[in-house]
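Here are some exercises to help you find your way around a new structure. Have a go at each task before you read its worked solution.

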Amino acid sequence: MCSMEQKPLFRDLTAEDPEPEMTEIESLCINCYKNGSTRLLLTRIPHYKNIVIMSFSCEFCGYENNEIQPGGAFAEMGVRWKLRVESNSDLNRQVVKSDYTSIKIPEVDFEIPAQSQKGEVTTVEGIITRAVAGLTQDQEARRIQHPEAAAQIDAFVERLQGLRTLDTPWTLLLEDISGNCFIENPEAPTRDPRAVRSDFRRSTEQDHALGIFTREEVSDTLPGTLTPADPSQGAFDRMVADEVLQFRTNCPDCNAPADTNMKVTKIPHFKEVVIMATVCEACGHRTNEVKSGGGIEEKGVKFEVRVASKDDFSRDILKSETCSMSIPELELEVGGAALGGRFTTAEGLLRACLEQLRHAPALSEHRPASERLAL
């Protein structure tokens, strides 16, 4: 009996996959209230994450709508992007925005609030084009009924159109409490020279806007919730410390069902950590993560290690998800999200960086042949 090949749910759009799996469902048209068609495509954007592209069309009235939704959960922290637009290549940068993305252009005092537009995949120039289209939608009627307001909108639209000429550089600011917005780096995987990303912790109000609540906030509505006062917690902690737990999850790369192994262990002279390992049978993706077993410390920490002998390569290193690393001698900078959290050695970190560089076509293709062989 032959078994069907298990493929990842989220796959790259490539020429080798001429017929990507697309789901088509019948849905109600909000314009004419007849039944139209919605197409769903699960794909992923390079250097970003999995997304769901939705396209609706109605054959009766011609209404069309396109939007995207993130293919995974909300990020642990919100994200802010600051892009300095200086050339035509910056106008052509791909931008992924979710429903919770707010957009600002300080030079023209322009702002699009969060949840005022649906998520979409567009470009920097596409953001301006959509804003201009929205402002000029009812201008003909407005010029007759409210000529002063129409004149002000025409003047503002002219300022927006002037951003495309790039006579002077301008700034694009994105903020997303869900952490699911993205600006393409045309020079990836090297550092972006004109875009800066920064993460921030959400407030309680922002968590509630996303539907995220703490265990204490929902304990009253969920009977039987495990709390620190439960006498059985000590037995649960002992059980976790003595064995490896396994639970079903989704692959972070292709979103196919996979198994994750979890083990709580204590690092000498430090604290308890949670080691998690996931192996996906569909795409072969493997992840090894280390998460802190305690809370967040009041202060950050910075270590500077001088590697002077082979013994230094064997030093144990615990790197969290928010830990960044730099090697000045190699002009190498690695952000916290690049390698993730892991418990390894100094040599292990170098090997992890090397593996990522080997799988970076944008970097390896432009290297001399001798350096590519070295990698």
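Helices (H or I, at least four residues) and strands (E, at least two) are DSSP runs, numbered from the N terminus. Residue numbers start from 1 along each chain as its sequence is written, and side-chain values use heavy atoms, with hydrogens and water left out. The model is a predicted one, where local features need pLDDT of at least 70 and side-chain atom pairs count only at pLDDT 80 or more, while totals for chains, interfaces and linings use all residues.

**Exercise 1: The whole chain**

Find how many helices and strands the protein chain has, and what share of its residues count as buried.

*Solution.*
Step 1. Go through the DSSP runs: the protein chain has twelve helices and 20 strands.
Step 2. Next comes burial (buried means under 20% relative accessible area, exposed over 50%, partly exposed in between, with a 1.4 Å probe and protein chains only). Of the 375 residues, 32% count as buried.
Step 3. Now the surface, using the Shrake-Rupley method with a 1.4 Å probe, where for residues only the protein chains shown count as cover. The accessible surface comes to about 24,800 Å², and carbon and sulfur atoms hold 52% of that.

**Exercise 2: Asn250 and its surroundings**

Work out which strand holds Asn250 and which residues Asn250 touches.

*Solution.*
Step 1. Asn250 lies in strand β13.
Step 2. Its relative accessible area is 42%, so Asn250 is partly exposed.
Step 3. For touching, use contacts (heavy atoms within 4.5 Å). Leaving out residues up to four places away in sequence, Asn250 touches Asn255, Ala256, Pro257 and Ala258.
Step 4. Look further along the chain too: Thr278 is 28 residues from Asn250 in sequence, and their C-alpha atoms are 9.1 Å apart.
Step 5. Now place the strand. β13 (residues 245–250) pairs with β14 (residues 257–266) in the antiparallel sense over six bridges; two strands pair if DSSP finds at least two bridges between them. Phe247, for instance, has Thr260 in β14 as its bridge partner.
Step 6. The two strands form a hairpin with six residues between them, and Asn255 in the turn has a positive phi of about 70°.

**Exercise 3: A five-stranded sheet**

Give the strand order of the open sheet with five strands, and say which strands sit at its edges.

*Solution.*
Step 1. The order is β8-β7-β10-β5-β12, with antiparallel pairing.
Step 2. β8 (110–112) and β12 (195–200) are the edge strands, as each pairs on one side only.
Step 3. Zoom in on one pair: β5 (residues 78–85) and β10 (residues 170–176) are antiparallel partners over seven bridges. Val79 has Asp176 in β10 as its bridge partner.
Step 4. Add the helix. α2 (residues 124–135) lies across β5, β7 (101–105), β8 and β10, at about 85° to β10. For such angles, axes are lines fitted to C-alpha atoms, for helices over the stretch in contact, and angles run from 0 to 180 degrees between N-to-C directions.

**Exercise 4: Following the salt bridges**

Trace the salt bridges of Arg93 and explain why the one to Asp192 ties together separate parts of the chain.

*Solution.*
Step 1. Start with the rule: a salt bridge is a side-chain nitrogen of Lys or Arg within 4 Å of a carboxyl oxygen of Asp or Glu. By this rule the count is 15.
Step 2. Arg93 meets Asp90 at 3.0 Å, N to O, and both residues are buried.
Step 3. Arg93 also forms a salt bridge with Asp192, with the closest N and O atoms 2.6 Å apart. Arg93 lies in the loop between α1 (88–91) and β6 (94–97), and Asp192 in the loop between β11 (182–183) and β12, so the pair ties together parts that are 99 residues apart in sequence.
Step 4. Check burial: Arg93 has a relative accessible area of 1%, and Asp192 is buried as well, at 12%.
Step 5. For another example, Arg130 and Glu120 meet at 2.9 Å, N to O. Arg130 is in helix α2 and Glu120 in strand β9 (residues 120–123), ten residues apart. Arg130 counts as partly exposed at 33%, whereas Glu120 counts as buried at 15%.
Step 6. Finally, salt bridges that share partners join Asp90, Arg93, Asp192 and Arg194 into one network.
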